[in-house]
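Subject: Structure handover

Hi,

Here is the structure I promised to pass on. Have a look at it first, and then read on for what turned up in it.

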Amino acid sequence: MPDYDQQRAALERDLESWCNKLLEMNFEDPLIRKRILQLLVAFSTTALDKNPSFMLKVLEHILMTWPAPRPEHRAFNEAIKDFQSESMVELQRLASKVPDHLLAVYNQIEAKVNDMISSGTLDEKRQIAYRSFLFIIIHRASTIDPSTQLERLQDFVRPVKAQWENGDLKTALSSYSGFCELMGLDRAKQYLTSHRVHEVNDWGSCELDAEGLALQSELEERQKVRENHTIPLQTVFAAN
C-alpha cells in the first residue's frame, strides 16, 4: 500500500514539525508548559514512536526545563510545583513506553544524569526521579542481554541495600524513640508543645517564627537520603 505509506510518512513529518515548533516556544504559564510536555511525550510514544531522534529532543526538553519556584506568588508557585511533578511523571512514562530507543543511547543519558546529580543543583526528589528513569529503561528494555540487565539492575539496588545494613541505622530504628531522634520528630514535638499548637484553631493563618523555620529546614534535611544518616526509603522504583 504505497499510497498509505506515503500518507503516513507525510503525516508524521507534519506532526514532528508541529511538535518542534512547540519545543521552540517559550511560555511562562506553568499550566501551558505542562500541557505542552504531556503532548510531546504522548506523540513521542504513539504517533512518532518510530522516531528516536524526536524522542531524544523531548527527553532533553524534560531534563533541561525546570522553572525556578516563585514563593512570593503562592498560586503561581503551586502551579510550578505541579509542572515539576508532571515532568517527573512524563520522564518515567517515556522510559516505560520506549525503553529500547533509550537503551540505544543509555550510556550518554546516564552520563548526563550523573553530571546533573554531581553538580549539586538537584533536590532529592529530582535525583530520585532521574535514577528511577535510568532504572526503568534497563528494567523494561527488551533488547538487552538478560545477564547484563540483571547486573545493571543490581547496581541500582546495592547502594540501597548497603544503607539498610548500616549498624547506626539499625540501632536508630530498633525503637520508637530512636526513630523519632533520627528524623528529628522529638524536637518537633517539643516545639509544638512549647508553642501550645493544640490551642490554635487556624493553622493556615499562623506563620513560623525563627525557631520554627530553623526546625523546618532541619527536618527537611533529615528526610533527604544520605548514606549512613537517614532512611533509604526511595532510591529506585519501577513504574507500573
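Let me start with helix H6. The elements that cover the buried residues of H6 include H3, H5, H7 and H8. Before going further, please keep in mind that this is a predicted model.

So which residues of H6 are buried? They are Tyr106, Ile109, Val113, Met116 and Ile117. These residues sit on the same side of H6, because the arc they cover around the axis is only 100°. Turn to the other side of H6 and you'll find Gln108, Asp115 and Ser118 exposed. The background here is a simple one: an α-helix has 3.6 residues a turn, so residues three or four places apart point the same way. As for its dimensions, H6 has 13 residues and spans 18 Å from first C-alpha to last, close to the 18 Å expected at 1.5 Å a residue. After H6 comes Gly120, which has a positive phi, near 80°.

H3, one of the elements covering those H6 residues, is worth a look too. H3 also has 13 residues, and 18 Å separates its first C-alpha from its last, close to the expected 18 Å. Its buried residues are Phe54, Met55, Val58, Leu59, Ile62 and Leu63.

Now for the core. The largest nonpolar core has 42 residues, and the ones that touch the most other members are Leu59, Leu102, Ile109, Tyr130 and Phe133. Helices H1 (2-24), H2 (30-45), H3 (52-64), H4 (74-97), H5 (99-103), H6 (106-118), H7 (124-140) and H8 (146-164) each give two or more residues to this core. H7 provides the largest share, with eight residues. If you want one residue to click on, try Leu102: beyond its neighbours within four places in sequence, Leu102 is in contact with Met55, Leu59, Leu94, Ala95, Ile109, Phe133 and Ile137. You have met some of these already, since Met55 and Leu59 are among the buried residues of H3, and Ile109 is among those of H6.

While you're at H7, Glu124 is found in that helix. Is Glu124 buried or exposed? Glu124 has a relative accessible area of 16%, so it counts as buried. Glu124 and Phe83 are 41 residues apart in sequence, with their C-alpha atoms 17 Å apart in space.

Next, the salt bridges. How many are there in the whole structure? A search finds nine, and a few are worth picking out.

- Arg70 pairs with Glu28, the closest N and O atoms being 3.8 Å apart. This pair links distant parts of the chain: Arg70 is in the loop between H3 and H4, Glu28 is in the loop between H1 and H2, and they are 42 residues apart. Arg70 is partly exposed, at 31% relative accessible area.
- Glu90 pairs with Arg93, with 3.0 Å between the closest N and O atoms. Both are in helix H4, and because they are three residues apart, about one helical turn separates them. Glu90 counts as buried at 3% relative accessibility, whereas Arg93, at 36%, counts as partly exposed.
- Asp155 and Arg158 meet through their side chains in a salt bridge of 2.4 Å, N to O. Being three residues apart in helix H8, they too are about one helical turn from each other. Asp155 counts as partly exposed at 42% relative accessibility, and so does Arg158 at 40%. Glu151 joins the picture here, as Glu151, Asp155 and Arg158 are linked in a network of salt bridges.

Finally, step back to the whole chain. The chain is divided into domain 1 (2-158) and domain 2 (167-226), and the C-alpha centres of the two domains lie 35 Å apart. Towards the end of the numbering, have a look at helix H12 (residues 210-223), where Ala210 is located. Ala210 counts as exposed, with 63% relative accessibility. From Ala210 to Arg196 it is 14 residues in sequence and 16 Å in space, C-alpha to C-alpha.

That's the tour. Enjoy exploring!

Cheers

Methods
Residues are numbered from 1 along each chain as its sequence is written. This is a predicted model: local features need pLDDT of at least 70, side-chain atom pairs count only at pLDDT 80 or more; totals for chains, interfaces and linings use all residues. Side-chain values use heavy atoms; hydrogens and water are left out. A nonpolar core is a set of buried Ala, Val, Leu, Ile, Met, Phe, Trp, Tyr and Cys residues joined through side-chain atoms within 4.5 Å. Buried means under 20% relative accessible area, exposed over 50%, partly exposed in between (1.4 Å probe, protein chains only). Helices (H or I, at least four residues) and strands (E, at least two) are DSSP runs, numbered from the N terminus. Contact means heavy atoms within 4.5 Å. Domain bounds come from an automatic or database domain assignment. A salt bridge is a side-chain nitrogen of Lys or Arg within 4 Å of a carboxyl oxygen of Asp or Glu. The expected span of a helix is 1.5 Å times one less than its number of residues. The arc is that of the directions from the helix axis to the C-beta atoms.
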